[in-house]
Amino acid sequence: MTIIKLTTNQGVITLELDAEKAPNTVANFVSYVEDGFYEGIIFHRIIPNFMAQGGGFTNDFKQKDTKDQIENEADNGLKNDRGTIAMARTGDPHSATGQFFINLADNGFLNHTSKTQQGWGYAVFGKVTDGMDVVDKMAAIPTGSGGMFPTDVPQEEVIIEKAEVIK
Amino acid sequence: MSKHVHFISDLHLTQDRPQTTQRFVSYLESLDANVSDLYILGDLFDTWVGDDDPTPPNQLVKDKLKSLTDNGVNVHFLAGNRDFLIGQQFFDDTQVECLEDEHIIDLFGVKTLLMHGDLLCTDDTEYQQFRQLTHNPAWQQAALAKPLEERLALAQHYRQQSHLNKQGKSSEIMDVNETTVLNTLQKYNTARLIHGHTHRPNKHIHKVGEQEAERFVLAEWDKTGSILDWTEQGYNIIELS
């Protein structure tokens with residue numbers, strides 16, 4: 001198990017990553033953490049009772065250069081349950097780079113059902129083991145427009161100050 | 001001989017799907033003087049971040065459309081939810097006609113309403129809210145004033161967002177709201193509607209008061225291409241492998 005500590009301006013979130021079930025996704029995430037990619041990156045899209053998405057933008061809504069897109073490991077049996085972390089992506093199942101989200105509810109419809117564009121689902125690769133109260137606090141912040149995004153942007157900044165691999 | 005009028009939508013042309021671009025280019029090259037009009041009812045492109053974006057296949061598609069209009073085919077474009085930022089430069093370059101979101105034509109004597117279809121999906125309130133904001137001219141002006149690189153990054157982000165949503169469905173696969181369809185048919189007093197967007201190709205019959213109205217839903221171009229082909233005699237679906 002790999003332990004990651006995300007220090008945000010709202011508090012500390014500890015993640016336990018499942019390198020056995022999602023080896024490539026975990027290796028990808030760890031490499032972004034080790035590069036310092038997530039430092040200064042915000043949670044830019046939070047929808048209560050759904051998910052909190054981050055890993056893509058700085059607080060002035062600029063993107064950092066990402067690595068190559070990765071293969072989707074959503075068929076690993078891990079479910080998009082409350083407190084789990086999964087990779088965000090575009091309509092192409094194998095398009096995740098740095099953006100991730102934390103599930104705020106059991107989002108069964110995001111799970112893998114088949115190896116088709118609609119059925120691939122979102123690859124869970126770990127879970128929050130400590131600091132879910134911090135995530136809930138983030139989700140309670142009123143949202144609205146921000147940067148060029150018309151909705152769902154927290155109106156009080158939620159920023160990752162430090163991301164570290166603990167073990 | 002009666003001329004043909006073609007309707008297509010939802011090609012979602014992008015660099016990532018060269019076979020669809022190839023199919024579309026071959027189709028355009030195959031059109032001759034028997035086809036008087038080609039109506040493209042939105043989402044020709046998977047994303048459009050400004051007329052200055054040189055990402056393939058934008059220029060190729062523009063060149064092919066220009067050849068077609070040069071050859072006398074009237075090409076009309078109605079914006080979709082993906083390519084609503086197509087601007088004047090595109091229409092100047094291609095000589096394609098830009099249509100309003102709801103456009104009425106006379107199709108061999110029958111008044112026919114053309115739409116992309118996203119406006120009919122009123123159950124998707126999240127999308128309708130997004131649409132309203134992004135169709136605001138001030139928003140569009142601000143968006144298009146950003147550097148190209150930033151616009152491309154944002155488009156990538158939007159694609160991500162439209163997929164990962166609370167309903168677990170991308171806006172394209174939400175279906176139309178029946179009441180909205182009936183109200184729209186009534187508003188234009190039309191017995192025929194042609195649209196795309198939902199990727200659920202079909203022909204539906206609706207009862208509008210005493211009158212029957214038909215609604216044609218165009219197919220997306222995925223593994224094959226699909227064209228709704230009308231002549232004076234009626235319609236036909238052309239499948240392109």
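Guide: A nonpolar core is a set of buried Ala, Val, Leu, Ile, Met, Phe, Trp, Tyr and Cys residues joined through C-beta atoms within 7 Å; a residue is buried if 20 or more other C-beta atoms lie within 10 Å of its own, exposed if 12 or fewer, and partly exposed in between, with C-beta atoms placed from the backbone. This is a predicted model, in which local features need pLDDT of at least 70 and side-chain atom pairs count only at pLDDT 80 or more, while totals for chains, interfaces and linings use all residues. Residues are numbered from 1 along each chain as its sequence is written, and chains are lettered from A and ligands numbered from 1 in the order in which they are written.

Visitor: Which strand gives the largest share of the largest nonpolar core?

Guide: This core has 50 residues, and among those that touch the most other members are B:Phe7, B:Ile194 and B:Leu218. B:Phe7 itself touches B:Tyr39, B:Leu41, B:Ile194, B:Leu218 and B:Leu228, leaving aside residues up to four places away in sequence, where touching means that C-beta atoms, placed from the backbone, lie within 7 Å. The largest share, 4 residues, comes from residues 35-40 of chain B, which form strand β2.

Visitor: How many residues does the second, separate core have?

Guide: This second core is separate from the one just described, and it includes A:Leu15, A:Phe29, A:Val124 and A:Phe125. Its number of residues is 44.

Visitor: How many helices and strands does chain A have?

Guide: Helices (H or I, at least four residues) and strands (E, at least two) are DSSP runs, numbered from the N terminus. Along the sequence of chain A they follow the pattern β-β-α-β-β-β-β-β-α-β-β-β. The count for chain A is therefore 2 helices and 10 strands.

Visitor: What is the radius of gyration of chain B?

Guide: The radius is taken over C-alpha atoms, and the globule rule is 2.2 Å times the number of residues to the power 0.38. Chain B, with its 7 helices and 11 strands, fills a box of roughly 50 × 40 × 30 Å along the principal axes of its C-alpha atoms. A compact globule of 241 residues would have a value near 18 Å, and chain B agrees with this, at 18 Å.

Visitor: Which strands are the edge strands of the open sheet in chain B?

Guide: The sheet has 5 strands in the order β5-β6-β7-β9-β8, with mixed pairing, and two strands pair if DSSP finds at least two bridges between them. Within it, β8(B) and β9 (residues 211-217) of chain B run antiparallel and are joined by 7 bridges, and B:His204 has B:Arg215 of β9(B) as its bridge partner. The edge strands, each pairing on one side only, are β5 (103-107) and β8 (202-208) of chain B.

Visitor: Which elements give two or more residues to the side of chain A that touches chain B?

Guide: The contact takes 17 residues from chain A and 18 residues from chain B. On the side of chain A, the residues divide into 8 nonpolar, 6 polar and 3 charged, where Ala, Val, Leu, Ile, Met, Phe, Trp, Tyr, Cys and Pro count as nonpolar, Asp, Glu, Lys and Arg as charged, and the others, Gly among them, as polar. The elements of chain A that give two or more residues to this side are β3 (41-47) and β9 (149-154).

Notes: Two residues are in contact if their C-beta atoms, placed from the backbone, lie within 7 Å.
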